[in-house]
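I open this notebook page to record what I looked up in one structure, taking the charged pairs before the cysteines and the helix that begins the chain's numbering of elements. Each entry is kept short.

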Amino acid sequence: MFSRENRRRNRERLLQAAGIHQVTKDDEAFVAKLDASKNLEKRLDDARRCVYEYSLALHALSDKSASLATALAALSDDAHGDAQQALNELQTHEIKLRRTHAPAALHALQELVGAPLDGAAAGSKDVERLTKARRDKLLDCDSFAARGDERLEAARRDLQHLTASCEAAFVAFSEAVGDATARCAGALSGVVAHFHC
């Protein structure tokens with residue numbers, strides 16, 4: 001069930017969509033910051049998806065590498081001398097890779113790359129919550145202005161406070177993504193090193 005405020009906001013949206021009430025044009029600088037924040041969130045989601053796909057690729061490479069070693073070991077019965085020894089060493093290396101290095105690389109990937117990106121993504125929820133509250137307050141201002149309601153000045157003050165909070169959340173989100181990116185850039189080389197040891 002909608003509250004009285006939500007019903008009033010929905011009615012205002014309909015009146016604005018029908019052209020009966022005028023829509024207040026939002027501050028262009030704020031809209032640009034909001035768009036930049038949404039773009040950053042999209043790029044962060046893309047990076048998180050790539051981390052997931054990279055982990056799948058590590059799994060697949062580990063599996064295929066072990067399968068290749070097993071297939072070559074099956075041929076070792078017909079090999080002689082140095083070839084036999086090389087195939088045995090390859091199989092031993094691939095088994096070690098599958099049992100120790102691949103899990104270590106996957107763990108490092110999650111802990112050193114995935115976790116910081118996931119932590120930064122949590123900041124986008126604050127941005128989303130505050131921008132929704134600001135949109136609602138902007139609708140309140142439009143509704144109160146159209147009706148000549150005495151609550152208009154209080155709504156404008158609240159809108160200013162929400163705008164400042166949104167801008168602070170944009171900065172915090174951007175800094176969190178920057179910090180996570182810096183941590184991930186160094187850590188990714190460690191993940192590769194774990195896999196190739």
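The entries below follow the order in which I looked things up.

**Entry 1: status of the model.** I am working from a predicted model, and I keep that in mind for every value that follows.

**Entry 2: salt bridges.** I searched the whole structure for salt bridges, and the search returned 13. I then took up some of the pairs one by one.

I began with Lys42, which forms a salt bridge with Asp46, and I noted 3.3 Å between the closest N and O atoms. Both residues belong to helix α2, which covers residues 28-75, and they sit four residues apart, about one turn of the helix. For Asp46 I looked up the relative accessible area, which is 28%, so this residue is partly exposed.

Next I turned to Glu53, whose salt-bridge partner is Arg49, with the closest N and O atoms again listed at 3.3 Å. The two are four residues apart in helix α2, and therefore about one helical turn separates them. Glu53 has 40% relative accessibility and counts as partly exposed, and for Arg49 I found a relative accessible area of 40%, which also puts Arg49 in the partly exposed class.

I then moved to helix α3, residues 82-147, where Asp126 and Arg129 are three residues apart, so that about one helical turn lies between them. Their side chains meet in a salt bridge with an N to O distance of 3.9 Å, which I checked against the cut-off of 4 Å. Asp126 is partly exposed at a relative accessible area of 40%, whereas Arg129, at 53%, is exposed. Going back over the pairs, I noted that salt bridges with shared partners join Lys42, Asp46, Arg49 and Glu53 into one network.

**Entry 3: cysteines.** How many disulfides does a search of the whole structure find? I found zero. I also looked up how accessible two cysteines are: Cys50 is partly exposed, with a relative accessible area of 42%, while Cys141, at 7% relative accessibility, counts as buried.

**Entry 4: Ser143.** Is Ser143 buried or exposed? Its relative accessible area is 3%, so I recorded Ser143 as buried, and I placed this residue in helix α3. Leaving aside residues up to four places away in sequence, I found that Ser143 touches Arg8 and Glu12, which led me to look up the helix that holds buried residues of those names.

**Entry 5: helix α1.** Helix α1 runs over residues 4-17 and has 14 residues. From its first C-alpha to its last, α1 reaches 20 Å, close to the 20 Å expected at 1.5 Å a residue. Which residues of α1 are buried? I listed Arg8, Arg9, Glu12 and Gln16. These residues cover an arc of only 100° around the axis, and therefore they lie on the same side of α1. On the other side of α1 I found Leu14 and Ala17, which are exposed. Two of the buried residues in α1, Arg8 and Glu12, are the ones that Ser143 touches. My last look-up here was Gly19, which follows α1 and has a positive phi, near 85°.

Notes. Residues are numbered from 1 along each chain as its sequence is written. This is a predicted model: local features need pLDDT of at least 70, side-chain atom pairs count only at pLDDT 80 or more; totals for chains, interfaces and linings use all residues. Side-chain values use heavy atoms; hydrogens and water are left out. Buried means under 20% relative accessible area, exposed over 50%, partly exposed in between (1.4 Å probe, protein chains only). A disulfide is a pair of cysteine sulfur atoms within 2.5 Å. Contact means heavy atoms within 4.5 Å. The expected span of a helix is 1.5 Å times one less than its number of residues. The arc is that of the directions from the helix axis to the C-beta atoms.
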